[in-house]
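Colleague: Let us go through this one together. I will ask, you answer.

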Amino acid sequence: MSTQADHGHELVPRPQHTPDALRAALAAVDPARLEEMQATKDDAFAKAVEWQSLSPVQSWVLIWARDIEIARRPDLSARYARAKGHLEHADPTVAQEALCELSAVLDEAMKAVRE
C-alpha cells in the first residue's frame, strides 16, 4: 500500500498498482464489481497479446486504480453518486453541472492515483 495525502476517512489504504493489490482493495470496497474487474482484465491481457503492446494492461490498471480511489474515499464516492444521479435530470443546466462534477471527480481520482 502506498503513501497518500489525507482526504479524511478512507475505507482502505490506496493499493499498489498490481492486479493482486487492486483486486484485494476492490474486494474490500466494492466486491460486487469483482467479476467485472476480472472480465476487463482478461480483455486487456488478450488485447495486449493481440496488439503486442502493454498499453491495454496499463490502461486497465489506471482505470481500476481510479475506480477504487473513488470507492475507498467516501467524499469522492458521495460526489460521484450524486453527480451520476443527476446526469439525466430534466433541467439541462442541472444535467450539465452533474456532468462537470462527474468529470471533476474522475479527474481528482486519476490525479491521486498517479501521485
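**Helix packing and confidence**

Modeller: A starting point, from a predicted model: Pro19, Leu22, Arg23, Leu26 and Ala27 of H1 touch Leu34, Met37 and Lys41 of H2.

Colleague: How do the residues of the contact of H1 with H2 divide by class?

Modeller: Arg23 of H1 and Lys41 of H2 take part. Arg and Lys count as charged. The split is two charged, no polar and six nonpolar.

Colleague: Are H1 and H2 roughly parallel or antiparallel?

Modeller: H1 covers residues 19–29, and its axis lies 10 Å from that of H2. The packing angle is about 160°. Angles over 145 degrees count as roughly antiparallel. The crossing is right-handed. So H1 relative to H2 is roughly antiparallel.

Colleague: How is H2 oriented against H3?

Modeller: H2 spans residues 34–51 and H3 spans residues 55–72. Their axes come within 7 Å and cross at roughly 160°. The cut-off is over 145 degrees, so H2 and H3 are roughly antiparallel.

Colleague: Which residues of H3 make the contact with H2?

Modeller: On the H2 side are Glu36, Met37, Thr40, Lys41, Ala44, Phe45, Lys47, Ala48 and Trp51. By class, the contact has 10 nonpolar, two polar and three charged residues. The H3 side is Ser55, Pro56, Val57, Trp60, Trp64 and Ile68.

Colleague: Is Gln52 buried or exposed?

Modeller: Gln52 sits in the loop between H2 and H3. Its phi is positive, about 55°, although Gln52 is not a glycine. The relative accessible area is 74%, and the cut-off is over 50%. So Gln52 is exposed.

Colleague: Are H3 and H5 roughly parallel or perpendicular to each other?

Modeller: Their axes are 8 Å apart, and the packing angle is about 110°. The crossing is right-handed. The window from 65 to 115 degrees takes in this angle, so H3 and H5 are roughly perpendicular.

Colleague: How many nonpolar residues has the contact of H3 with H5?

Modeller: H3 supplies Leu62, Ala65, Arg66, Glu69 and Ile70. H5 supplies Val105, Leu106, Ala109, Met110, Ala112 and Val113. Two residues of this contact are charged and none is polar; the nonpolar count is nine.

Colleague: What is Val94 in contact with, leaving aside its neighbours within four places in sequence?

Modeller: Val94 is found in helix H5, residues 92–113. Val94 is partly exposed, with a relative accessible area of 24%. Ala83 is 11 residues away in sequence, with 9.4 Å from C-alpha to C-alpha. The contacts of Val94 are His86 and His89.

Colleague: What pattern does the chain follow along the sequence?

Modeller: The chain has five helices and zero strands. Its C-alpha atoms fill a box of roughly 45 × 30 × 25 Å along the principal axes. Read along the sequence, the pattern is α-α-α-α-α.

Colleague: What share of the contacts with a separation of 6 or more comes from residues 24 or more positions apart?

Modeller: The chain has 115 residues, and 32% of them count as buried. For contacts between residues 24 or more positions apart, the share is 55%.

Colleague: Where does pLDDT stay under 50?

Modeller: The chain averages a pLDDT of 93, and 93% of the residues score at least 70. The low stretch has 14 contacts beyond four places in sequence in the model. That stretch is residues 1–6.

Key:
Residues numbered from 1 in each chain as written. Predicted model: local features only at pLDDT ≥ 70, side-chain atom pairs only at ≥ 80, totals over all residues. Heavy atoms only, no water. Axes fitted to C-alpha atoms, helices over the stretch in contact; angles between N-to-C directions. Helix = DSSP H or I, 4+ residues; strand = E, 2+ residues; numbered from the N terminus. Parallel < 35°, antiparallel > 145°, perpendicular 65-115°, else oblique. Contact = heavy atoms within 4.5 Å. Left-handed = near helix turned anticlockwise from the far one by under 90°. pLDDT = per-residue confidence, 0-100. Buried < 20%, exposed > 50% of the residue type's maximum accessible area, 1.4 Å probe, protein only.
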